[in-house]
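Visitor: Hi, I've got a protein to look at and some time before my next spin. Can you walk me through it?
Guide: Sure, let's pull it up.
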Amino acid sequence: MIDSINKYGIPSPQSNIINDKMRISDSLNLIKIKQILDTRGWLGAETVGEKGNSALFLVIQHSNLKTMEHYLPMLRDAVKNKKANSKDLAKMEDRVLVRQG
């Protein structure tokens, strides 16, 4: 996306195509991540690896405010239990507060 923006700008047909694909991918990923979190809780790196743990955070971090607010307490508990990164928690808390005004 960044390469497309740098090369073609925003808005551009090229950037719009990539943005549309990202929205679809984000929506599908969110469905899967919600299922995981709602049935198994926040899984630590020992269960899903560092990339898997990061994916849990990133998908929720890039969702809507209501979804972030819903999973923020779970992320707080995960950090307390050493199943999530405190830097990720700080980023999510910051994003939620900014979106809340």
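Guide: One term before we start: a helix here is a DSSP run of H or I at least four residues long, and helices are numbered from the N terminus. With that in hand, Leu65 has its place in helix α4. Keep in mind that this is a predicted model.

Visitor: Okay, how many helices and strands does the protein have?
Guide: There are 5 helices and 0 strands. Going along the sequence, the pattern reads α-α-α-α-α.

Visitor: And what does the C-alpha trace span along its principal axes?
Guide: About 45 × 30 × 20 Å.

Visitor: How much of the protein is buried?
Guide: Of its 101 residues, 29% count as buried. The accessible surface is about 6,900 Å², and carbon and sulfur atoms own 55% of that.

Visitor: What about contacts between residues far along the sequence, 24 or more positions apart?
Guide: Those make up 52% of the contacts, counting contacts with a separation of 6 or more.

Visitor: Switching to charges. How many positive and negative ones are there?
Guide: The protein has 16 positive and 11 negative charges, and the mean positions of the two sets are 2 Å apart.

Visitor: Back to Leu65, then. Is it buried, exposed or partly exposed?
Guide: Leu65 counts as partly exposed because its relative accessible area is 23%, and that class sits between the 20% and 50% cut-offs.

Visitor: Which residues does Leu65 touch, leaving out its sequence neighbours?
Guide: If you skip residues up to four places away, Leu65 touches Val96, Arg99 and Gln100. Gly52 is another story: it is 13 residues from Leu65 in sequence, and their C-alphas are 22 Å apart.

Visitor: Where's Ser63?
Guide: In the loop between α3, residues 45-61, and α4.

Visitor: Why does Ser63 get called buried?
Guide: Its relative accessible area is 7%, so it falls under the 20% limit for buried residues. Beyond the residues up to four places away, Ser63 touches Leu30, Met68 and Arg99. Arg99 is also on the contact list of Leu65.

Visitor: How far is Ser63 from Asn19?
Guide: They're 44 residues apart in sequence and 14 Å apart in space, going C-alpha to C-alpha.

Visitor: Let's do helix packing. How do α2 and α4 sit against each other?
Guide: They pack at an angle of about 35°, with their axes 12 Å apart. The crossing of α2 past α4 is left-handed. On the α2 side, the contact comes from Leu30, Lys34, Leu37 and Asp38, and on the α4 side from Thr67, His70, Tyr71 and Met74. You've met Leu30 already, as one of the residues that Ser63 touches.

Visitor: What does Ser15 touch?
Guide: Met1, Ser4, Ile5 and Gly9, again not counting residues up to four places away. Ser15 itself lies in α2, which covers residues 13-40.

Visitor: Buried or exposed?
Guide: Ser15 is buried, because its relative accessible area is 2% and the class takes anything under 20%.

Visitor: And Pro13, buried or exposed?
Guide: Pro13 lies in α2 as well, but it counts as exposed because its relative accessibility is 59%, and exposed means over 50%. From Pro13 to Arg23 you move 10 residues along the sequence and 15 Å in space, C-alpha to C-alpha.

Visitor: Now the backbone. Which residues are joined by a cis peptide bond?
Guide: Ile10 and Pro11, with omega at about -10°. Pro11 lies in the loop between α1, residues 2-8, and α2.

Visitor: What's phi doing at Lys82?
Guide: Phi of Lys82 is near 60°, so you have a positive value in a residue other than glycine. Lys82 belongs to the loop between α4 and α5, with α5 running over 86-100.

Visitor: Is Lys82 buried or exposed?
Guide: Exposed, because its relative accessibility is 71%, and the cut-off for that class is over 50%.

Visitor: Great, my spin's done. Thanks!

Terms used:
Residues are numbered from 1 along each chain as its sequence is written. This is a predicted model: local features need pLDDT of at least 70, side-chain atom pairs count only at pLDDT 80 or more; totals for chains, interfaces and linings use all residues. Side-chain values use heavy atoms; hydrogens and water are left out. Helices (H or I, at least four residues) and strands (E, at least two) are DSSP runs, numbered from the N terminus. Buried means under 20% relative accessible area, exposed over 50%, partly exposed in between (1.4 Å probe, protein chains only). Contact means heavy atoms within 4.5 Å. Accessible areas come from the Shrake-Rupley method with a 1.4 Å probe; for residues, only the protein chains shown count as cover. Lys and Arg count as positive and Asp and Glu as negative; His and the chain ends are not counted. The place of a charge is taken as NZ of Lys, CZ of Arg, CG of Asp or CD of Glu. Axes are lines fitted to C-alpha atoms, for helices over the stretch in contact, and angles run from 0 to 180 degrees between N-to-C directions. A crossing is left-handed if the near helix is turned anticlockwise from the far one by less than a right angle, and right-handed if clockwise.
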